[in-house]
Amino acid sequence: IQRVTEDDRPYAVLINTSSAASQSSSIGTAMVTMEGCDVQSDGGTGIGVQGAHTEAAITRCSVRRAELSGIYVSGDARATITACTVARGDYCGILVKKARATVSRSTVTSCAQTGMFFFEAPGSTAEGNTIASCAGCGVVIKATESLTFRNNTVSGAGQAGIFVCERSTGNVSENTVTGSSKAGVVIKTG
C-alpha cells in the first residue's frame, strides 16, 4: 500500500488513527498492531506512525531499503517497536520526531546517515538494541527530555557513536560503543 501524507512523503505503510479518534469521544487512543511484516520502500519511508491518538505496536517486522527512514514515528503518536530489523535507510533507520517511542531488542544497520534519531521525543526509551555500520552518527538525541538510552550496542559509526545535543536530558548508560570514526559519545550543550 502506498500512501502520501500532507508533506508528500510516501510511506509503504502508514498508521494514522488520529482522525478516527477525533470523530468519537468514546474511542480515545486507538492501538494498531503490526507483527511479522516484511516491508520494502523504494521511495519514502517504510513504516510511518503519525498523529495524536495514534498508538502502534510494531513487533518482529523487517524494513529494507527505505529512501528516507525505515520506521518514522511523528506528530504526537506513540509507538512500541520490538525485535524489528531495519537495514539500509537512506536517512535514518528509526526516527522519532515530536512523538514518543519505546524501542527494544531491535537491529538497525547500514543507514546512509543515522541509525536512530530522537528529536523532541520526550520520555522515549531505547534498550537492548544493536545499531551498526551507519555512515553518520549511530544515534542522535536532540532537544529531547527524559530519554532513557540503556544497554544498547553501537558499532562502526562514520561519525560519533552517540551524539547528544540541544539541551537533551535523560539517562544514557550501560551502552557499548565501538569502532566509531569520531568519538564514541559526544555531548554538546547549547
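Let's start with one residue, His-53. His-53 is partly exposed, at a relative accessible area of 41%. The histidine sits in the loop between β5, residues 45–50, and β6. Now look at the backbone there. Phi of His-53 is near 70°, so we have a positive value in a residue other than glycine. Why stop on that? Because most residues other than glycine have a negative phi. One caution before I go on: this is a predicted model.

There is a second case of this kind. Phi of Glu-174 is near 55°, again positive, and again the residue is not glycine. Where is Glu-174? It lies in the loop between β21, residues 170–173, and β22. Is Glu-174 buried or exposed? Exposed, with a relative accessible area of 59%.

Now the whole chain. The protein has one helix and 23 strands. It is 190 residues, and 47% of them count as buried. The exposed surface comes to about 8600 Å². Carbon and sulfur atoms supply 45% of that surface. On contacts, take the pairs at least 6 apart in sequence. Of those, 39% join residues at least 24 apart.

Next, the strands. Go back to β6, just after the His-53 loop. β6 covers residues 54–59, and five of its six residues are buried. Which strand does β6 pair with over five bridges? The partner is β9, residues 78–82, and the pairing is parallel. Here is a spot to find on the screen: Thr-59 stands opposite Thr-82 in β9. Move on from β9. Five bridges also join β9 to β12, residues 100–104, and these two run parallel as well. Again there is a threonine pair, with Thr-80 opposite Thr-102 in β12.

Now a sheet. Seven strands make an open sheet, with parallel pairing. The order is β4-β7-β10-β13-β16-β19-β22. Which strands stand at the edges? They are β4, residues 38–40, and β22, residues 176–178. Each has a single partner strand, so one side of each is left without a neighbour in the sheet. The twist averages 5° from one strand to the next. Zoom in on the β4 edge. β4 is joined to β7, residues 62–64, by three bridges, in parallel. At that pairing, Val-39 stands opposite Val-63 in β7.

Stay at β4 and step into the loop that follows. Ser-41 is in the loop between β4 and β5. Is this serine buried or exposed? It counts as buried, because its relative accessibility is 2% and the cut-off for buried is under 20%. Its side chain reaches the backbone oxygen of Thr-45 at 3.5 Å. What else does Ser-41 touch, leaving aside neighbours within four places in sequence? The list is Ala-12, Gly-46, Arg-64, Arg-65, Ala-66 and Glu-67.

Another buried residue, this time in a strand. Ile-15 is in β2, residues 10–15. Its relative accessibility is 6%, and it counts as buried. Residues up to four places away set aside, Ile-15 touches Val-32, Met-34, Gly-48, Val-49, Gln-50, Thr-54 and Ala-56. There is also a distance to note. Ile-15 and Glu-55 are 40 residues apart along the chain, and their C-alpha atoms are separated by 8.5 Å.

Last topic, the nonpolar cores. How many residues are in the largest one? It has 37. The residues with the most contacts inside it are Ile-58, Ile-71, Val-73, Ile-81, Ile-94, Met-116 and Phe-149. Take Phe-149. Leaving aside neighbours within four places in sequence, it contacts Ala-126, Ile-131, Val-139, Ile-141, Val-154 and Ile-162, and also Asn-171, Val-172, Ser-173 and Asn-175. Apart from the largest core lies another, of ten residues. Among them are Tyr-11, Leu-14, Tyr-72 and Leu-95.

To recap. One helix, 23 strands. A seven-strand open parallel sheet, with β4 and β22 at its edges. A largest nonpolar core of 37 residues, with another of ten apart from it. And two residues with positive phi to look at: His-53 and Glu-174. That's it from me.

Technical notes. Residues numbered from 1 in each chain as written. Predicted model: local features only at pLDDT ≥ 70, side-chain atom pairs only at ≥ 80, totals over all residues. Heavy atoms only, no water. Buried < 20%, exposed > 50% of the residue type's maximum accessible area, 1.4 Å probe, protein only. Helix = DSSP H or I, 4+ residues; strand = E, 2+ residues; numbered from the N terminus. Pairing = 2+ DSSP bridges. Contact = heavy atoms within 4.5 Å. Areas by Shrake-Rupley, 256 points an atom, 1.4 Å probe, with all protein chains shown as cover. Axes fitted to C-alpha atoms, helices over the stretch in contact; angles between N-to-C directions. Core = buried A, V, L, I, M, F, W, Y, C linked by side-chain atoms within 4.5 Å. Polar contact = N/O pair within 3.5 Å; in protein donor to acceptor, adjacent residues only side chain to side chain.
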